[in-house]
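Work through the exercises below with the sequence and the model open beside you. Each task is followed by a solution that proceeds one step at a time.

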Amino acid sequence: MPLRKDATVGSNIRQAVLVCQSTGCISSKSPLIKAALEEEVAALRLAESVQIKPTGCQGLCEHGPNVTIEPEGILYTHVKVEDVLEIVRSHLRDGRPVERLFYRDAATGERIPYYRDIPFYRKQERLILRHCGHINPEEIDDYLAVGGYQALRKALFEMMPQQVVEDVKRSGLRGRGGAGFPTGRKWQYCRDAPGAPKYVICNGDEGDPGAYMDRTILEANPHSVLEGMIIGAYAIGASEGYFYVRDEYPLAVERVRRAIAQAKERGFLGEDILGSGFDFQVAIVRGAGAFVCGEETALLASIEGQLGEPRPRPPFPATSGLWGKPTVINNVKTWASVPPIITHGADWYARMGTERSKGTVVFSLVGKVNNTGLVEVPLGITLREMIYGIGGGIPNGKAFKAVQTGGPSGGCIPASMLDLPIDYETLTKAGSIMGSGGMVVMDEDACMVDVARYFISFTMDESCGKCIPCREGIQEMHKILTDITAGRGKEGDLERLEELAYVVKDGSLCALGGTAPNPVLTTIRYFRDEYEAHIKYKRCPAVVCRGIVSSACQHVCPLDQDVPAYIGLIARGQFDEAMDVIRQKNPLPGVLGRICHHPCEAECPLGEGGQPIAIQALKRFVADYELRKGIKPIPPPEKVYAEKVAIIGSGPAGLTAAYFLAQRGYDVTIFEALPVAGGMLAVGLPEYRLPKDILNLEIEAIKRLGVTIKTNTPVGQDITLKDLRDQGYEAIFIAIGAHKGLKMGIPDEDVAGVLDAMSFLRDVNWGRQVELGNKVAVIGGGNVAIDAARVAKRLGCEVQVIYRRTRAEMPAFKEEIEGAIEEGVDIRFLAAPVRVLSSDARLKGIECTRMELGEFDETGRRRPIPIKGSEFTVDLDTLIYAIRQEPDLSFLLGDGIEVSAQNTIIVDPETFATNVEGIFAGGDTVSGPATVVEAMAAGKTAAESIHRYLRGESLQREHKVTRPAVYVEPVELSAEEVDQILELGRPAMPSLPVVKRRDNFKEVHLGFTAEMAVREAKRCVRCDLESLEEARE
Amino acid sequence: MVTLTINDQEIQIQEGLTILQAAREMGLEIPTLCYHEALAPYGACRLCLVEMEKPRPGLVTSCSYPAEEGLVVRTDTDWVKRVRKVVLELLLARCPSSKVIRDLAQSLGVEETRFTRAGAEEELCFLCGLCVRVCREVIGRNAISFIHRGPDRRVETPFQVASEDCIGCGACAAVCPTGAIEIEDVGDTRYLRTWHTTLKLIKCEVCERYFAPQEMELLKERVLVDEEMWKVCPDCRRKLAGQRLVAASRFF
């Protein structure tokens, strides 16, 4: 980059400090940084050799304020006024750049000093954004020094106007305002049209929320646009021009004004420009706050002083525009693209891009992406390269969900289309638009229905209201979307919404209406299941819509536990009432309070600060409180029915179904194949996580409802399903879980010493003798693997866990992983078994390969790839595998029940009914290995279905929005109490010290004290109270 | 002259006339609501949409699209009907009390609406803009215009108070398709209620009945009526004109 030769300062300038003064950096105090730099440089007498230069946007907006030191090309990020001293002294004076201010790559942690090495820049082709951030936009000499106005000279003195039009035509340049109309063709129409005077207009009404490309160019390099306009005016024969800039861009207006004044001074504007005989002058018109005035005919009306509303086309502005005269209107970026085309030629430009979409495009990459900022790339780059390559992927390890291109009327494109090469045609085909270049990235926490509603509310507000489809149609669409997100969606809404969307799109007068339905149409196309969840099931999968979700915890709880209600009661010290609330929906609180995977805590909004409410621990506290007193007897059912129900399997699904059916008044018998009741809870979960006496107390409470549990009674051998029918059981619920361990699928795994984790855990739980060596390895990363490892450790072995990905991706509960490591279990990450090594059919060891993380996939995780040649051996005498489990359906011979390819029972997902009359199924038997609470939820729903079936009622379920059963008055807290609660934060779970855990199976987690529980309950912010207002109405 | 093809029938008309005008010449009916022969095409109601095949496939408003050589359109395709139906349903939802809209919808096969009503039950205005346009283009007074935008758009006087420019001619009410504009003469006053405006009427020189606001004289430049007629009511004007004709014929 050539440094400016300034005669007044002399040619001693050795360094330039470029301080970004774009709107973004200014809002982060960059003018103060510039002033401090000037002051310090002067104080150290460096002003003769160091120049401080204000520039426009330098591009890496997420990491501003930005300061660049030339000629080295070092970029400093996140600069603060306090850093100025060090920059001047260490770098400018002493030649030692300040490393801590270098750009830091979020993915690798690497610090990169030179901006040309930063991937964000390296992958860009900054043509329209040329010189932005490198020159002082308020000095025309800076523009001239980098070759400014050379293209104008060439056009005026070496080319005829028609030649200029030809060049632009041949370049393939298409309008960058959004519609992508071939620019050269537009110029030709205008040139050929009769009428005078002719006009050129720059459309600087950039209205898309989140878009700031045009603003940046006008602020950082206004002459690039002006030069393009003068060339265009020359080409079509226009003598007057207008910059239409939105009023919300005061800095851009100021910089353009200054550029115009300076250009005039130097003879680039006015009469007889540079002695060519060509006259052209330009004025600025400010917008008045209407998005619709970005539409060209509305913009014309606005300049004419009329109401800003579009006009029917034809006639097109090129033939009949401003005051009825031929007018070329082009976007800021289109004008800025012209001078390089003239300078380097049409063929040069046409070499970039795709076949029908030539050149480069500027995107504003914003939203859930690591490197937000302005990105200029040749057309044809894929969405994946944009978002991951340049954008650096999604922050906080979240999964990518959708990207909206083109502004508020752009379509939302899902993960499956990340490899789409971006150009005008491909985006249209995907249901989106190029628009002005907005690119909003959304992660897994976005509700796509809410997104559609949000953007429709924007276009509804900005619609000029002239034509019926847009004005009335969008309003109606907004109403339907609002109803859906409020939980009032009904059958037929989606059809009406789609119908309206198509008609608004096809029937509107201008592109505002013509594109407004795109977010709705694309989200329905790619995320229809989310709409159905909202409408039919009253669920918001992303847990966003407050009309449906009174509190995230209750909404995601498969048992719909009234979490804020029982937490509210605990805060008030009303533990018995809290227990009543819990037991309404949950027969095993002591169990779940210990081993549930607590999806509630994952969604608690306090989790954003790293301290979600310890909901599980609170539930356990109340459960233990009651267990110590003795579980309150549950009153007998109001009605008693004659029908008998058989349940196969006494695991969580079976026990829960029994609990609810018994309360309904049915005679329930559970048939259990094993000698003990409880299923996985009894035989899978280790004692140190779930003491069996806790489980048994809760099972006894269920039996006291009149439920009979017949252990040692496998169905399929001594008794068949037919036998059960014959014995008078009118409904049967199959809930046998998924206990069969699937093998690893590696050579030689069938030798002695290789065990399946499920059998191992079961045998230990029963006190059976287990053949265990000394050196044990466990393959897997889920809870079963960690359980097996911690059990083996307690049995005195040396234990390591081998897992193919990293700790961050391990599916086991974090507390369990931590517990394992504390207890001395070794976890080897990024390793996978290749084959078993044996001799005499006995395990000797395994051969493993190291893995490395490759590219991101759509779930946001990086794929593990084996590293060639990295094989290593581990000596072992015991290998326990915990890969995956499936149900053992061998007992269902010939009963006609439909089974899936994964060996699970197929049921109606709403009713849990199988294809055989009177037979229902639920839990892991249906879903494959899942969680305890989901199995219990299935049991609860199946119980309801069975009840209706037996009563001859419709099995159709009614779905409701999430609301707590009761609104508990929150405790009044004094300011001191609040401070104390916040300071202490989430209590740590008291745990048995590691030394006390060796060689025994004592419970590791000891539970909260009453003081801890009440304090933590008071920390809950009671999200449910927001819906109380509405409940009162 | 140019040749277009409408519904597979060729027609030759003057270049610059619109598809709608060509269709009417053929005796073909295309529904309109915001179109008026005396006013420039506006393109707001979208009822006149037709499906164009050449020069470019798509839906275009026949009221505004200029005839060009080789143009091919169809006025009653499924696409056109689908859009028309929804537009009428939206109108029915907006103005449930309007008989005019109900009758129009019925004549085009739309009996009821699937959509809801946001505004008042008695709403008659659907913002076709005819009143605004006649006041601007024909009368030249620009007394009323649209304010706000989107869902809030309505026709109003500046600052929604009595208009200083309105001459009380009633052209707005005359072109309003649904009768949404209320103008009533009571004694010597004309109440243009919708425009918050009252104007005093002058008496007819002949019959002495109150008939028009003085301000209407401002139309002198636009309407060719003999000077003396400005002070005479329409009934008396007709009588006088008739008398003149009779008187004139006697001299022949």
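A polar contact is a pair of N or O atoms within 3.5 Å; within protein, one must be able to donate a hydrogen and the other to accept it, and residues adjacent in sequence count only if both atoms are side-chain atoms. This is a predicted model, in which local features need pLDDT of at least 70 and side-chain atom pairs count only at pLDDT 80 or more, while totals for chains, interfaces and linings use all residues. Residues are numbered from 1 along each chain as its sequence is written, chains are lettered from A and ligands numbered from 1 in the order in which they are written, and side-chain values use heavy atoms, with hydrogens and water left out.

**Exercise 1.** Describe the interface of chain B and chain A, beginning with its polar contacts.

Solution. Applying the rule across this interface gives 18 residue pairs in polar contact, both residues being at pLDDT 80 or more. On the side of chain B that touches chain A, the elements giving two or more residues are strand E4 (58-61), helix H2 (78-94) and strand E6 (145-147) of chain B, where helices (H or I, at least four residues) and strands (E, at least two) are DSSP runs numbered from the N terminus. H2(B) supplies the largest share of that side, 8 residues.

Next, count the residues in contact, meaning heavy atoms within 4.5 Å: 32 residues come from chain B and 32 residues from chain A. The area buried between the two chains, that is, the accessible area (1.4 Å probe) lost on putting them together, summed over both, is about 2,900 Å², with carbon and sulfur atoms giving 58% of this area.

Finally, look for salt bridges, each a side-chain nitrogen of Lys or Arg within 4 Å of a carboxyl oxygen of Asp or Glu. The count between chain B and chain A is 5, and one of the salt bridges joins Glu462(A) to Arg149(B), with the closest N and O atoms 3.1 Å apart.

**Exercise 2.** Is helix H12 (residues 296-303) of chain A largely enclosed or open?

Solution. Begin with the term buried, which means under 20% relative accessible area, whereas exposed means over 50% and partly exposed lies in between (1.4 Å probe, protein chains only). Because 7 of the 8 residues of H12(A) are buried, this helix is largely enclosed by the rest of the structure. Among the buried residues are Glu296(A), Leu299(A) and Ile303(A). Their cover includes helix H8 (183-192) and strands E7 (198-204), E8 (238-245), E9 (281-286) and E10 (327-331) of chain A. After H12(A) comes Gly305(A), with a positive phi near 85°.

**Exercise 3.** How many disulfides does a search of the whole structure find?

Solution. A disulfide is a pair of cysteine sulfur atoms within 2.5 Å, and the search finds 0 over all chains. Cys61(A) is in no disulfide, since the nearest cysteine sulfur, that of Cys57(A), is 3.7 Å away. Cys61(A) is partly exposed at a relative accessible area of 30%. For Cys1020(A), the closest cysteine sulfur is in Cys1023(A), 6.5 Å away and therefore too far for a bond. Cys1020(A) counts as buried, because its relative accessibility is 17%.

**Exercise 4.** Where is Asn1000(A) found, and is this residue buried or exposed?

Solution. Asn1000(A) is in the loop between helix H38 (975-984) and helix H39 (1010-1019) of chain A. With 17% relative accessibility, Asn1000(A) counts as buried. A polar atom of its side chain lies 2.8 Å from the backbone oxygen of Lys996(A).
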